[in-house]
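Here are a few exercises to work through with the model open beside you. Try each task before reading its solution.

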Amino acid sequence: MPRAQVYISKNTYKRIRLIVNEKKDDGADRTEANISSVAAMLLDIGLRVYEFQRKKELGDDLEDIDDKWLC
């Protein structure tokens, strides 16, 4: 798995930490509930939303943009 270093605001860090704590409270183990896994999940969700918005902007030309993003 590739690794990326990002800088986030203190507020964003606190919000991610809250999600981690909620997952731990629900019984998740350390591999499921940690800053890295939650941040990766949120990044993936954000990318999906971004791609969906781009698809809507470009109309029905969905296959071309799917190929572009799967590099």
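A salt bridge here is a side-chain nitrogen of Lys or Arg within 4 Å of a carboxyl oxygen of Asp or Glu. The model is predicted, so local features need pLDDT (the predictor's confidence in each residue, from 0 to 100) of at least 70, side-chain atom pairs count only at pLDDT 80 or more, and totals for chains, interfaces and linings use all residues. Residues are numbered from 1 along each chain as its sequence is written, and side-chain values use heavy atoms, leaving out hydrogens and water.

**Exercise 1.** Find where confidence is highest and where it is lowest.

Solution. Start with the whole protein: the average pLDDT is 88, and 83% of the residues score at least 70. Then go by element, taking helices as DSSP runs (H or I, at least four residues) numbered from the N terminus. Helix 1 (residues 10-25) has the highest mean, 97, and helix 3 (residues 62-69) the lowest, 57.

**Exercise 2.** Locate the salt bridges and describe each pair.

Solution. Searching the whole structure gives two.
- Step one: Asp44 pairs with Arg48, with 3.0 Å between the closest N and O atoms. Both belong to helix 2 (residues 35-58), four residues apart, about one turn of the helix.
- Step two: Arg54 pairs with Glu57 at 3.6 Å, N to O. These two also lie in helix 2, three residues apart, again about one turn.

**Exercise 3.** Which label, buried, partly exposed or exposed, fits Asp44 and Arg48?

Solution. Recall the cut-offs: buried is under 20% relative accessible area, exposed over 50%, partly exposed in between (1.4 Å probe, protein chains only). Asp44 is at 35%, so it counts as partly exposed. Arg48, at 56%, counts as exposed.
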